[in-house]
Every structure is written in structure tokens, then in C-alpha cells.
Amino acid sequence: MAGPNKQMRPIRRMIDERFAMLRARGEKALIVYLTAFDPNRERSLQLLFDAARGGADVLEIGVPWSDPTADGPVIQRAMQRGLSAGATLSRVLGVISELRHSVTVPIVLFGYYNPVLCYGPARFARDAALAGVDGVLMVDLPPEESDEL
């Protein structure tokens, strides 16, 4: 993911800061969810850029997974299209890294634990931070079982 000379950015509380700013202004958050690589890498990246530049307060980026049982049919189909377009956890982190170069909107990675477990939780945590991920939502990982992550 990252080269040996690339330093991890300082841990930031971008999500908390964004919500505090919105609360202070009496505003609600616009959280935009898009599945990575749907319909393909290039269009997905453009849609994420457009959402950030269009006013999204938080980007929630779905990591395609073959068994998205906690989701409805719309996200299930988006994840299938993403997988068909070549999405992997590593490639999704690459998209986020590219996005992060010009977008300051907080980014939450949405997904399932199996790809993270296969990738390696410590490696995932490091690479996600290096890519610019601000938060992680693992829909099938109960908090009481999340110590490893």
C-alpha cells in the first residue's frame, strides 16, 4: 500500500470535528454512501470527488464483498458490480489514497470483517490510516468482538 518512506498522517478526529462544527452551526450532516468500484474504478472515484466537492460532510465508502448479508438488494447489487470491476480491499484503499490528495471530507470505510481478517487486521489498520481513512464501520463485527481490529 504505502512505501517505506511514507509516514502515517497524524491521527485526527476529523469526524468528531465535522459533527461539532455542524452542531455549532445548527446544521445536520449530509453523509454520502457510495460503493467503491461501482460501476468501475474511474467512475467511482469521480463520483466520490463530486460528492465531496458538492457538499458531503462525510463520505462513507463501501468495500465490495461477496456476501453482504447485512445489506439490502441495492447495496448488494452495487457490491457485485464493484467486485466485477475488480475491487479488492487493497484497491479500495488505493482509491481512498488518491481521493485524499485533494479532499478533506472525513472518510469512513464501510464493510465486512472477513476481507479485513484475510488482509490482516494490523496491516489493514496501518494501510487504512496511511490511505486517509478516518473511521471504519464493520457491519458484521459486534463491538464486544472487535478488540483485534
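**Exercise 1. A salt bridge between distant parts**

Which side chains meet in a salt bridge at 3.9 Å, N to O? Find the pair, place it in the chain, and decide whether its members are buried or exposed.

*Solution.* The model is predicted.

Step 1. The side chains of Arg18 and Asp57 form this salt bridge, with 3.9 Å from N to O. A salt bridge requires the nitrogen to be within 4 Å of the carboxyl oxygen, so the pair qualifies.

Step 2. Arg18 belongs to helix H1 (residues 14–24), while Asp57 sits in the loop between helix H2 (41–53) and strand E2 (58–62). The pair therefore ties together parts that are 39 residues apart in sequence.

Step 3. Arg18 and Asp57 are both buried.

**Exercise 2. A second salt bridge**

Describe the salt bridge of Arg41 and Glu98 in the way used above.

*Solution.*

Step 1. The side chains of Arg41 and Glu98 meet at 2.9 Å, N to O.

Step 2. Arg41 is in helix H2 and Glu98 in helix H4, so this salt bridge ties together parts 57 residues apart in sequence.

Step 3. Partly exposed is the class between 20% and 50% relative accessible area. Arg41 has 26% and is therefore partly exposed. Glu98 has 36%, so Glu98 is partly exposed too.

Step 4. A search of the whole structure finds eight salt bridges.

**Exercise 3. Helix H6**

Work out the surroundings of Arg123 and Asp127, then describe the buried residues of helix H6.

*Solution.*

Step 1. Arg123 and Asp127 both belong to helix H6 and are four residues apart, about one turn of the helix. Their side chains meet in a salt bridge of 3.8 Å, N to O.

Step 2. Arg123 has a relative accessibility of 39%, so Arg123 counts as partly exposed. Asp127, at 2%, is buried. Through salt bridges that share partners, Arg123, Arg126 and Asp127 join into one network.

Step 3. Arg123 also lies over the face of Tyr119, at 3.8 Å from the ring centre.

Step 4. The buried residues in H6 (residues 121–131) are Pro121, Phe124, Asp127, Ala128, Leu130 and Ala131. They pack against helix H4 (89–100), strand E3 (107–111), helix H5 (113–119) and strand E4 (135–138).

Step 5. Just after H6 comes Gly132, with a positive phi of about 110°.

**Exercise 4. The aromatic pair**

How many aromatic pairs does the structure hold? Classify what you find.

*Solution.*

Step 1. The structure holds one aromatic pair. The ring centres of Tyr33 and Phe110 are 5.1 Å apart and the ring planes stand at 75°, so the pair is edge-to-face.

Step 2. Tyr33 is in strand E1 (residues 31–35) and Phe110 in strand E3, so the pair links distant parts of the chain, 77 residues apart.

Step 3. Tyr33 is partly exposed because its relative accessibility is 22%. Phe110 has a relative accessible area of 6% and is therefore buried.

**Exercise 5. The largest nonpolar core**

Which residues touch the most other members of the largest nonpolar core? Which element gives the most to this core?

*Solution.*

Step 1. In soluble globular proteins, nonpolar side chains tend to be buried together.

Step 2. The largest nonpolar core has 32 residues, and those touching the most other members are Leu59, Ile61, Val92, Leu93, Ile96, Leu99 and Leu109.

Step 3. H2, E2, H4, E3, H5 and H6 each give two or more residues to this core. H4 gives the most, with six residues.

Step 4. Leaving out residues up to four places away in sequence, the contacts of Leu59 include Val32, Leu48, Leu99 and Val108.

How values were computed. Residues are numbered from 1 along each chain as its sequence is written. This is a predicted model: local features need pLDDT of at least 70, side-chain atom pairs count only at pLDDT 80 or more; totals for chains, interfaces and linings use all residues. Side-chain values use heavy atoms; hydrogens and water are left out. Buried means under 20% relative accessible area, exposed over 50%, partly exposed in between (1.4 Å probe, protein chains only). Contact means heavy atoms within 4.5 Å. Rings of Phe, Tyr and Trp (its six-membered ring) pair if their centres lie within 6.5 Å; planes under 30 degrees apart count as stacked, over 60 as edge-to-face and the rest as tilted. A charge sits over a ring if NZ of Lys or CZ of Arg is within 6 Å of the ring centre and within 35 degrees of the ring normal. A nonpolar core is a set of buried Ala, Val, Leu, Ile, Met, Phe, Trp, Tyr and Cys residues joined through side-chain atoms within 4.5 Å.
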